[in-house]
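Hi,

Here's the structure I promised to send over. Have a look at it first, and my notes on what turned up are just below.

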Amino acid sequence: MRSKPINRRVVLQSSVAATAWLAAAPALIGRAEAATLKLKCSSSLPNDPKYANGRVYYDNLVKSLKANGLGEQIEVTFFPDNQLGQEIDVINSVKLGVIDLMVSGSSISANLVPLVGTFDLGYLFTSFPQQTKAFDAGAAKPIEDALLKGANIRIISWAYNFGSRSVLAKKPVKGPDDLAGLKIRTLPNPVITECLRLMGAAATPLAFGEIYTALQAGVLDGLEHDPPTILASKFYETAKNYALTQHNFSPLATYFSDATFNRMDPKLREGFLDAAKKAAVDTRAHGLEMEKEALKNLADKGVTIVECDKEAFRKRVAPQSENFIKARPEAKPVVDMIRATQA
């Protein structure tokens with residue numbers, strides 16, 4: 001068997017090609033390493049840069065990513081106004097890793113992990129600053145751990161909804177008797193629905209995207225939400241009485257898919273999580289300002305702001321926490337810590 005003679009020209013050409021490839025390799029590898037990580041962020045609220053908490057948080061997140069030197073490495077695309085689906089569908093997509101980020105109140109995730117509903121208990125918090133102090137002291141940790149274990153979702157920062165939740169209705173509400181029989185939309189969440197039922201309403205769970213038309217059609221007599229959301233979503237066009245029940249100071253959560261968390265480069269992840277927390281701090285400050293401004297704007301648009309008998313509502317709702325803790329004893333340390341925290 002004869003071997004084929006080696007052609008010197010072929011060897012030289014191969015050597016030159018190999019040298020050229022090796023010279024280019026660092027640049028190619030560098031470009032691969034520098035590939036932009038693309039994330040999807042969902043919010044059910046309108047694309048309002050002032051009154052919608054999702055858009056405000058998103059803008060702050062982009063700003064913080066740039067400040068951390070990650071503006072070119074992480075690209076977050078924002079999908080407001082239920083573009084990726086109703087909230088219950090989106091939170092399940094975050095669980096599965098189909099959607100990376102969701103900015104929403106804590107209430108929606110109680111559908112996946114019932115313990116999260118602790119934060120929906122009526123009159124649990126007294127203010128948003130009190131909530132932050134309680135969370136900083138560790139009250140949020142058991143909830144975060146339960147959501148990660150039960151739904152593969154991380155809460156990477158806590159902000160504020162832009163004001164406490166109160167009742168907007170087609171008639172004035174000053175006490176439980178006035179609320180009796182009114183069909184008031186609540187989140188599709190059993191705890192907050194029970195809270196409104198105890199307050200006297202005919203609590204009606206409904207997806208956020210269906211509220212406006214339901215009010216127009218008379219399917220609803222009102223809803224409970226914070227002032228900026230009512231303003232941004234134009235619910236004031238269909239109901240003109242806003243009773244300051246302030247029954248719920250709903251925490252605003254940044255939900256992050258654990259699947260996305262695990263596939264991120266650790267160095268990139270550290271900077272991203274830091275940016276998420278900074279964005280939450282900025283969003284909190286903005287939210288406190290917007291509550292006052294939104295109330296004034298609602299009044300200017302013909303909404304009557306009603307000072308109601310909050311103590312009467314609080315007494316009606318009092319059994320809720322006791323019953324919740326009986327059903328879920330693991331909630332007791334969380335409730336005790338929050339109640340022991342002074343604003």
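A quick word on terms before the sheet: two strands count as paired here if DSSP finds at least two bridges between them. Also keep in mind that this is a predicted model.

With that in hand, there's an open sheet of 5 strands, running β2-β1-β3-β10-β4, with mixed pairing. β2 (74-79) and β4 (153-160) sit at the edges, each pairing on one side only. Ignoring direction, neighbouring strands are turned by 25 degrees against each other on average.

Inside the sheet, β3 (residues 101-105) and β10 (residues 251-257) run antiparallel and are joined by 5 bridges. If you want a spot to zoom in on, M102 stands opposite Y255 in β10.

Two helices to look at on the sheet: α4 (residues 128-136) packs on it, touching β4 and β10, and its direction makes about 145 degrees with that of β4. Helix α11 (residues 266-300) packs on the sheet too, touching β1 (37-42), β2, β3, β4 and β10, with its direction at about 30 degrees to that of β4.

α11 also packs against helix α2 (residues 53-67), at an angle of about 135 degrees and with the axes 8 Å apart. Angles over 115 and up to 145 degrees fall outside the parallel, antiparallel and perpendicular classes, so α2 and α11 are oblique to each other. Their crossing is right-handed. Among the contact residues are V56, Y57 and L61 of α2 and F272, A276 and H286 of α11. By type, the contact of α2 with α11 divides into 9 nonpolar, 5 polar and 3 charged residues.

Cheers

How values were computed:
Residues are numbered from 1 along each chain as its sequence is written. This is a predicted model: local features need pLDDT of at least 70, side-chain atom pairs count only at pLDDT 80 or more; totals for chains, interfaces and linings use all residues. Side-chain values use heavy atoms; hydrogens and water are left out. Helices (H or I, at least four residues) and strands (E, at least two) are DSSP runs, numbered from the N terminus. Axes are lines fitted to C-alpha atoms, for helices over the stretch in contact, and angles run from 0 to 180 degrees between N-to-C directions. Contact means heavy atoms within 4.5 Å. Angles under 35 degrees count as roughly parallel, over 145 as roughly antiparallel, 65 to 115 as roughly perpendicular and the rest as oblique. A crossing is left-handed if the near helix is turned anticlockwise from the far one by less than a right angle, and right-handed if clockwise. Ala, Val, Leu, Ile, Met, Phe, Trp, Tyr, Cys and Pro count as nonpolar, Asp, Glu, Lys and Arg as charged, and the others, Gly among them, as polar.
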